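Q: Please take a close look at a single part of this model, the strands and their pairing. Then go on to the buried residues.

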Amino acid sequence: MFLSFEEIRGLATGWLSWQEDGEGLILSRFTKEQMSFYDNNPATPKASARQRHSASVILDFYTDSEYITLTADGSRLPEVGNYGKFDFLENGILVHHADCDETEDPEAPRRDAFPTTEMTVSLSPGENRVTVYLPWGTQTRIRSLELSEGASFRPYRHAKTLLAFGDSITHGSRAVCPSMTYISQLARLLDARVVNHGIGGERFRKEKLVPGTYPPCDLVTVALGTNDYGVWQDWDEFCLNMSEFLRIAAAEFAGTPVFIILPIWREEEMQPRAIGTLPRVRERIRQEAEKYPGLTVIDGLELVPHLPDFFADSPALHPNDLGFSQYAMNLYRIIRDKI
């Protein structure tokens, strides 16, 4: 029994817009208005492509089907790497991980797309909650979703909605399993639907926020600053963009808990860059955020252990799946009584 694209949309969360391109269904975590800044800015081609990735877009539903068969393909920037990976959870337990980029040739070049792939997972008898995480690092096209003939299905309703702004770490960069990014794990702890507005390489940009285009949400997280330290060339320009971003966010989400997460530890954070060290950037963000009663500052240094073993790259910058688990657990511990 094949579900219609309309039925699939009804079982999916984390998307704000969608399109059918004649070959399948594409669910986007941004609206067209939110994407316009990057799409109309020739200086941000990577961000324009990355915002189309399906990070934190999931299918989440109850069914008594004997199996689920998902057929999908995807595209991305070649420089991102091979991240066409899906996770299938049954009643909250990871039961299948599909790597659609897997190749037997270790010397094979990176592809611009992962091919059409059919993934089938057998389910336990009776009604089960099935959660499918789409890849964080590709634009994913769902070609079909099949259940047993006559099977029932109904969407899972989350208790909360989380809107997350951030850079590659919020995007999910370097996670092996899309269900193990810190934002995915935090969402499960909070029983929250996620709208993930993390984009790899992102910095504080006042144009990033588009007032009036966001869904009602129960909490907002903002995790930016490490790329400002890494690439921003002018301290005054950084301060202006950061302060304007926080001012707009405080006004747009007035009455909603907004958590400003200062940059987590990175191995080279004491190395002076054009705007100084990362601790200098952290302190300036803290000073600005504390001007607004509706913004709560969280010290990112308390979230991920300061050890390279918890990171996926060298020098340590992006947490690995273990580091993401620490991030999510510690962040949840800090915010759970504040929402």
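A: A residue counts as buried when its relative accessible area is under 20%. C217 has a relative accessibility of 16%, so this cysteine is buried. The model is a predicted one, and the cut-off returns below for other residues.

Strand β4 is a suitable place to start. Spanning residues 58–63, β4 is mostly covered, with 5 of its 6 residues buried. Three strands can be followed from β4 in turn. Strand β1 (residues 12–13) is antiparallel to β4 and is joined to it by 2 bridges; within this pairing, T13 has I58 as its bridge partner. Strand β9 (residues 128–133) also runs antiparallel to β4, with 6 bridges between them. In this pairing D60 faces T131 of β9. Strand β11 (residues 153–155) is connected to β4 through 3 bridges, again antiparallel, and there T63 of β4 is partnered with F153. In general, strands of a sheet pair through backbone hydrogen bonds, which may be parallel or antiparallel in arrangement.

A parallel arrangement is found elsewhere in the model. An open sheet is formed by 5 strands in the order β13-β12-β14-β15-β16, with parallel pairing. Its edges are β13 (192–198) and β16 (295–298), each of which pairs on one side only. On average, neighbouring strands of this sheet are turned by 20° against each other, direction ignored. At the β13 end, strand β12 (residues 160–166) is joined to β13 by 7 bridges, and the two run parallel. One of the facing pairs is L162 with V194 of β13.

Strand β6 (residues 85–90) includes K85. The relative accessible area of K85 is 12%, so this lysine is buried. Its side chain makes a polar contact of 2.8 Å with the side chain of D99. Leaving aside residues up to four places away in sequence, K85 touches H97, A98, D99, Y133, L134, P135, V176 and P178. The polar partner D99 is thus part of a list that also includes Y133 and V176.

The cysteines complete the picture. A disulfide is a covalent bond between the sulfur atoms of two cysteines, and the structure holds 0 of them. C177 is in no disulfide, and the nearest cysteine sulfur, that of C100, is 13 Å away. C177 has 12% relative accessibility and therefore counts as buried.

Notes:
Residues are numbered from 1 along each chain as its sequence is written. This is a predicted model: local features need pLDDT of at least 70, side-chain atom pairs count only at pLDDT 80 or more; totals for chains, interfaces and linings use all residues. Side-chain values use heavy atoms; hydrogens and water are left out. Two strands pair if DSSP finds at least two bridges between them. Helices (H or I, at least four residues) and strands (E, at least two) are DSSP runs, numbered from the N terminus. Axes are lines fitted to C-alpha atoms, for helices over the stretch in contact, and angles run from 0 to 180 degrees between N-to-C directions. A disulfide is a pair of cysteine sulfur atoms within 2.5 Å. Buried means under 20% relative accessible area, exposed over 50%, partly exposed in between (1.4 Å probe, protein chains only). A polar contact is a pair of N or O atoms within 3.5 Å; within protein, one must be able to donate a hydrogen and the other to accept it, and residues adjacent in sequence count only if both atoms are side-chain atoms. Contact means heavy atoms within 4.5 Å.
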